[in-house]
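Welcome, and thank you for taking a look at this one with me. Please open the sequence and the structure side by side before reading on.

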Amino acid sequence: MSVLFLLIIISLVVAASFLVAFLWSVKSGQYEDGYTPSVRMLFDNEISEQNKQEKK
Amino acid sequence: MSAQIEKFYYDNNIVKMFAYATMLWGVVGMLVGLLVAFQIYIPALNFNLEFTTFGRTRPLHTNAVIFAFVGNGIFTGVYYSLQRLLKTRMWSDKLSMINFWGWQLIIVSAAITLLAGFTTGKEYAELEWPIDIAIAGIWVIFGWNMFATILARRERHLYVAIWFYIATFVTVAVLHIVNSFELPVSFMKSYSFYAGVQDALVQWWYGHNAVAFFLTTPYLGLMYYFVPKAINRPVYSYKLSIIHFWALIFLYIWAGPHHLLYTALPEWAQTLGIVFSVMLIAPSWGGMINGLLTMRGAWDKVRDSAALKFFVVAITAYGMATFEGPMLSLKSVNAISHFTDWTVGHVHIGALGWNGFLTFGMLYYLIPKIFNTKLYSEKLANAHFWIGTIGILLYAIPLYWAGFTQYLMWQEFTPDGFLAYPNFLETVNQIIPMYAMRSIGGVLYFTGALMLVFNLIKTIKLGNFVANEPAEAPALTKEYNAEHKDEHWHRIIERKPIRLLIFALVAILIGGAVEMIPTFLVKSNVPTIEAVKPYTPLELQGRDIYIKEGCYNCHSQMIRPFRHETERFGEYSKSGESVYDHPFQWGSKRTGPDLAREGSKKLHKSNQWHYDHLKNPRAVSPGSIMPNYPWLHVKEIDINSTTAKMAVMQKLGVPYTDEEIKNGKTNLEAQAETIAADLKAQGIKDADPKKEIVALIAYLQRLGTDIEKSAK
């Protein structure tokens, strides 16, 4: 059982570094392209529909 | 672009199969839900059969709607949206098929075994160990297929919905495995690895996160895909969706202990659970606002589209449930709501409103798409929407009323300082009209679901199924400069699914570990009481019958430290009292009274009373809504399993000596003889020491007696 705890503690350490990375990135304010993906997901169907028409 | 345009096909067949399964199990799960809604106030509806008694049908209902209806709903939506978001066919059709048939097989075996009485006795994780292993296996197949698809994608960016799917996969795997640690006694019988307070903590860490990562995160992913698609507008704020995701998965994992407020769980763990539960309101409402505001400027479309109507109410229900959740986590509110029907009302806002309506909206959108046609009747879908919405209201409002009523009656004292309603039954009979109203709400909701099935079958007949939908996209170039200096940090993670997986895993493990390690390691958290001794072999068998019949569905074994509870049930429960309880049986609902001290002097009833009561509760308590358990008086105790059971308990840390295990059977028979003799002396001539009822009586008479010995 104690191995389990050791593993969990190791993951805790990794988690802490993740948290640091997270805070650092938030502070450096790098939210650049926070828009296009939301529009792009709307288009993919329309493109494939165009392709279908081309085939006909 | 130098990249070559590639032709490929989306696999709609697997989407169709999962969609059909969603409809089928939705109808089945809701039908069983209706049955339990009626059974709860009409006890005769168990037909005097063990297989159709509330203690078994209620777990069947919860498992069916969560894992069969919503589970298949998740797979439907994920298999549909993942392919399109990644511009890739699912990596392996074979794995998709294994995922589908494996999951359906699990559902069928779950239905059979739950009704047959095979249960671990842990809520929402009742399935026994062979099925647990199968679930883990099929879940990994799903994840394998998903990650392989992500790696083979033609779209560099991972849309927000996909992160939600990834977090779902990872967390559910971890939760399921950790909570299902159990030591098998035989094929289809096992004991939880953990006991008492530790089992409770692991169970509710799992239980709450099953809500979070099975009923919430995958559906948020579906929301971020299907709502923008259905209204053809981008999500209100993509940035907010990123914050929503990380904040949610980081906070959710810490909230479990709010299910154990005022129990024997250490106070600090309770407080931690409260703090994070309250914080959860921020990301939850961020997500709700993001979903609702996606309709901004296009609300007129909602008027015309039934699917959008379902989405709007689903997201609103999500907002209501995630506001209510943090409120219920506050100790003062929880003191009122816990063990009452308020909780049942709360979860059904989430289940009927959020999960149900989002699934309905998704099916109304998706089925016409893959069948290349229009919905058969938008009018019928609108009617479904309204009947469903009224159904939800008729379901939830009476239960909130019932919850408050019951609490107010429980805690009422006369001016002389006595309980105003000393007979628990009074507080139960008071809320029967509310139970009746709730079942009508359920009928309406179920009718709506049938309308959906009819409408979609008609749609399917109208359309032509596109099994393989053609699509085109350029392949991803292998060389990709990921080191744009000014790039958003998050984009780097998004491109690397494995890294994202690890980060998500780490984020959830940190939560689980901080809460669990100290309780496991710090012994002082579980004060051991010298007088608390392991169960006798007969009591152990009786406890297994208690678990098998699902008594925990209606009876708690946890007296909270309130005057009205100690006055009614005796001294409040201590964590040291359940150290040998694999699994714990604290329960989460008091449809009937608490049984933690059922055998104590204060609550003592004769063996004969229990014998008659279990045969027909109304014979001794007129007006009781508890079902009859006549088979307990007929079926025989599985005496031969005694040694194996005790040996497993010994392995789990219960201090049985080898001598005791060896004499287990003999001791069992001797104690059974004593009880049978007592029953005979009290006038029950056909009392038989071999019957299950004797073991159950032995267990019930033991409950809460240890601590009385220490008082001497």
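The numbered points below walk through a predicted model, chain by chain and element by element.

1. Let us begin with chain A. Its secondary structure amounts to two helices and zero strands. Of the 56 residues in chain A, 9% count as buried. The remaining points concern chain B.

2. A good place to start in chain B is helix α5, residues 160–179. At 1.5 Å a residue, the 20 residues of α5(B) should span 28 Å, and the end C-alpha atoms of α5(B) are indeed 28 Å apart, so expectation and model agree. Is α5(B) mostly covered or mostly uncovered? Mostly covered: 15 of the 20 residues of α5(B) are buried.

3. Next, look at how α5(B) meets helix α6 of chain B, residues 196–231. Two packed helices are described by the angle between their axes and the distance between the axes. For α5(B) and α6(B), the angle is about 160° and the axes are 8 Å apart. That angle makes α5(B) roughly antiparallel to α6(B), because angles over 145 degrees are counted that way. The crossing of α5(B) and α6(B) is left-handed. Which kinds of residue make up the contact of α5(B) with α6(B)? The contact residues divide into 17 nonpolar, seven polar and no charged.

4. Helix α6(B) also packs with α13(B), at an angle of about 40° and with the axes 10 Å apart. The two helices, α6(B) and α13(B), are therefore oblique to each other. Their crossing, that of α6(B) and α13(B), is left-handed.

5. Helix α11 of chain B covers residues 306–329. With 24 residues at 1.5 Å each, α11(B) should span 34 Å; the C-alpha atoms at its ends are 34 Å apart, so this agrees. Like a helix met above, α11(B) is mostly covered, with 20 of its 24 residues buried.

6. Turning to strands, β2 (residues 182–186) and β3 (residues 189–192) of chain B pair in the antiparallel sense over four bridges. Within this pairing, Glu182(B) stands opposite Ser192(B) in β3(B). β2(B) and β3(B) form a hairpin with two residues between them, and Met188(B) in the turn has a positive phi of about 80°.

7. Another strand pair is worth your time. Strand β1 of chain B, residues 5–11, is joined to β4(B) by seven bridges, and the two run antiparallel. Phe8(B) stands opposite Ala471(B) in β4(B). How do the side chains along β4(B), residues 468–474, arrange themselves? They alternate: Glu469(B), Ala471(B) and Ala473(B) point to one face and are buried, whereas Asn468(B), Pro470(B), Glu472(B) and Pro474(B) point to the other face and are not buried.

8. Now for some backbone details to check by eye. Most residues other than glycine have a negative phi, and most peptide bonds are trans. Tyr124(B) has a positive phi, near 65°. This residue, Tyr124(B), sits in the loop between α3 (93–116) and α4 (129–151) of chain B. Tyr124(B) counts as partly exposed because 19 C-beta neighbours lie inside 10 Å, and a residue needs 20 or more to be buried.

9. Phe339(B) has a positive phi too, near 75°. Its place is the loop between α12 (331–337) and α13 (341–370) of chain B. Is Phe339(B) buried or exposed? Phe339(B) is buried, because 24 other C-beta atoms lie within 10 Å.

10. There is also a cis peptide bond, from His582(B) to Pro583(B), with omega near -10°. You will find Pro583(B) in the loop between α20 (563–569) and α21 (607–615) of chain B.

11. Two exposed residues can help you find your bearings. Ile112(B) is found in helix α3 of chain B and is exposed, because it has 12 other C-beta atoms within 10 Å. From Ile112(B) to Tyr552(B) is 440 residues in sequence and 20 Å in space, C-alpha to C-alpha. Thr657(B) lies in the loop between α23 (642–651) and α24 (658–662) of chain B, and counts as exposed because it has 10 C-beta neighbours inside 10 Å. Thr657(B) and Ala44(B) are 613 residues apart in sequence and 44 Å apart in space, C-alpha to C-alpha.

Technical notes: Residues are numbered from 1 along each chain as its sequence is written. Chains are lettered from A and ligands numbered from 1 in the order in which they are written. This is a predicted model: local features need pLDDT of at least 70, side-chain atom pairs count only at pLDDT 80 or more; totals for chains, interfaces and linings use all residues. Axes are lines fitted to C-alpha atoms, for helices over the stretch in contact, and angles run from 0 to 180 degrees between N-to-C directions. Angles under 35 degrees count as roughly parallel, over 145 as roughly antiparallel, 65 to 115 as roughly perpendicular and the rest as oblique. A crossing is left-handed if the near helix is turned anticlockwise from the far one by less than a right angle, and right-handed if clockwise. Ala, Val, Leu, Ile, Met, Phe, Trp, Tyr, Cys and Pro count as nonpolar, Asp, Glu, Lys and Arg as charged, and the others, Gly among them, as polar. The expected span of a helix is 1.5 Å times one less than its number of residues. Two strands pair if DSSP finds at least two bridges between them.
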